[in-house]
Amino acid sequence: MRTAAPRRPVRRAHVVIAVLGLAGLVLAACGSQPASPRATGGMPVDPFIARAQQVAQTWRDSGLLTSWTTGFVPFSPLTLEPVGGYASNENLKAAYGNGYVKSAVTLPVEAGKGEITYADGSRQPVGLVSAQSAYTAMVPPQQGTCPPKPGTSTCDWAIVSKVEPGTTTILTSRGEATVPTWKFTVIGLREPLVRVAVDPADITTMPELPPIDGRGSWTGATSVEGWQAIKGTSVTLALGLGACDKDPRGLVWENDDVVVVGGSVTPPDPGTACTAQLIITPVTVTTKAPVGTRPILDVLSGRALLKSYAPD
């Protein structure tokens with residue numbers, strides 16, 4: 001297994017994708033007829049088409065394609081830790097990470113109603129969870145030991161001293177969105193812990209197919225780390241290459257509601273000594289129609305691709 005080289009920071013966090021039990025599922029696409037696949041060589045086309053149709057069908061069956069442009073599909077985590085970190089307070093960091101958190105104030109148990117505002121100005125009414133429910137969802141299960149206060153053996157808890165409603169901006173399938181939150185002030189932290197307050201009933205999670213080991217199943221298949229640019233029908237992808245891979249190429253399959261992409265390379269000869277690193281290389285694929293609001297999906301993992309960092 002190759003290890004990734006250090007990457008440039010990505011400002012937008014990726015979403016934690018929910019896994020649906022879909023092992024062994026191979027389905028043909030239904031509904032609109034798929035466009036003809038286009039490949040520039042390398043990875044065999046037939047396995048790519050079959051997997052692309054499976055990915056598209058899974059997304060369609062999950063109902064996500066309906067929610068993609070009308071519902072709330074978050075890409076960011078629902079718990080947002082302080083942007084400035086823990087200000088070198090390793091005890092607080094360890095206490096929170098190990099679930100040693102308690103509240104010194106009464107947490108409201110009343111739920112309510114709110115709304116999400118998207119970058120285009122559209123609004124979506126949503127239900128909200130109570131501060132108590134948000135707190136329960138935010139705090140990790142207790143594990144390990146509690147860090148002691150300096151010079152003592154007493155647990156140095158992360159203590160919530162204040163809770164209040166607020167808003168924050170996160171990335172969603174519909175672009176950036178301002179969402180309701182609960183903000184928890186922790187003694188010793190300059191910034192609060194923040195939990196998105198949207199009721200889980202109003203959140204659509206993304207499905208993921210069981211990943212395919214591309215190198216074991218498709219000779220030359222390689223990972224797509226994200227897309228870098230979209231202009232009309234031209235999509236620039238970021239492929240992850242090994243140090244000795246050559247001839248990176250892109251693959252694309254599309255229908256009316258999704259675009260599925262993949263990558264292929266010419267792998268090194270068996271026994272070739274290569275350094276363990278991930279080299280991000282841009283390749284361009286062309287769709288028959290502009291991508292528009294369609295999600296761009298990775299053929300190997302089935303996940304939605306976000307805009308990635310630029311290569312060095």
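Is the link of C244 and C274 left-handed or right-handed? With a torsion of -120° about the S-S bond, the link is left-handed, and the account below, which describes a predicted model, returns to this pair after an overview of the chain.

## The chain as a whole

In this predicted model, the secondary structure of the chain comes to five helices and 14 strands. The chain has 312 residues, of which buried residues make up 43%. Where contacts join residues at least 6 apart in sequence, 74% of them join residues at least 24 apart.

The surface can be described in a similar way: the chain exposes about 15400 Å², and carbon and sulfur atoms supply 55% of that area.

## Two disulfides

The structure holds two disulfides, and when the bonded cysteines are numbered in sequence order the pairing reads 1-2, 3-4. One of them is formed by C146 and C155, whose sulfur atoms are 1.8 Å apart. The torsion about the S-S bond of C146 and C155 is about 80°, and the disulfide is therefore right-handed. Both cysteines of this pair, C146 and C155, are buried.

The other disulfide joins C244 to C274, with 1.9 Å from S to S. This pair links distant parts of the chain, since C244 sits in the loop between β10 (234-241) and β11 (246-254), while C274 sits in the loop between β12 (259-266) and β13, 30 residues apart. C244 counts as partly exposed because its relative accessibility is 23%, above the 20% under which a residue is called buried. C274 is likewise partly exposed, with a relative accessible area of 34%.

## Beside the C244 and C274 link

A273 is found in the loop between β12 and β13, the loop that also holds C274. With a relative accessible area of 75%, A273 is exposed. A273 and A243 are separated by 30 residues in sequence, and their C-alpha atoms are 9.6 Å apart in space.

The strands β11 and β12 run antiparallel and are joined by seven bridges. A hairpin of four residues leads from β11 to β12, and within the pairing V252 stands opposite V261 in β12.

## Helices α3 and α4

Helix α3 covers residues 90-97, and its buried residues are N91, L92, A95 and Y96. Seen down the axis of α3, these residues fall within an arc of 125°, so they line one face of the helix. An α-helix has 3.6 residues a turn, so residues three or four places apart point the same way. The buried residues of α3 pack against β2 (79-80), β3 (101-103), α4, β6 (158-172), β7 (175-186) and β8 (193-196). Just after α3, G99 takes a positive phi of about 80°.

Helix α4 has the buried residues A131, A134, Y135 and M138. Viewed down the axis of α4, they fall within an arc of 100°, and so they too line one face of the helix. The elements against which the buried residues of α4 pack are β2, α3, β3, β6, β7 and β8.

## A131 and its surroundings

What does A131 touch, leaving aside its neighbours within four places in sequence? A131, which lies in helix α4 (residues 131-138), is in contact with L107, P108, V163, W182 and F184. Of these partners, V163 belongs to the range of β6 (158-172), and W182 and F184 belong to the range of β7 (175-186). The relative accessibility of A131 is 0%, so the residue counts as buried. The C-alpha atoms of A131 and V109 are separated by 6.2 Å, although the two residues are 22 residues apart along the chain.

## A buried threonine in a loop

T287 is found in the loop between β13 (279-286) and β14 (296-298). Why does T287 count as buried? T287 counts as buried because its relative accessible area is 4%, which is under the 20% cut-off. A polar atom of the side chain of T287 lies 2.6 Å from the backbone oxygen of A289.

How values were computed:
Residues numbered from 1 in each chain as written. Predicted model: local features only at pLDDT ≥ 70, side-chain atom pairs only at ≥ 80, totals over all residues. Heavy atoms only, no water. Helix = DSSP H or I, 4+ residues; strand = E, 2+ residues; numbered from the N terminus. Buried < 20%, exposed > 50% of the residue type's maximum accessible area, 1.4 Å probe, protein only. Polar contact = N/O pair within 3.5 Å; in protein donor to acceptor, adjacent residues only side chain to side chain. Contact = heavy atoms within 4.5 Å. Disulfide = S-S within 2.5 Å. Arc of directions from axis to C-beta. Pairing = 2+ DSSP bridges. Areas by Shrake-Rupley, 256 points an atom, 1.4 Å probe, with all protein chains shown as cover.
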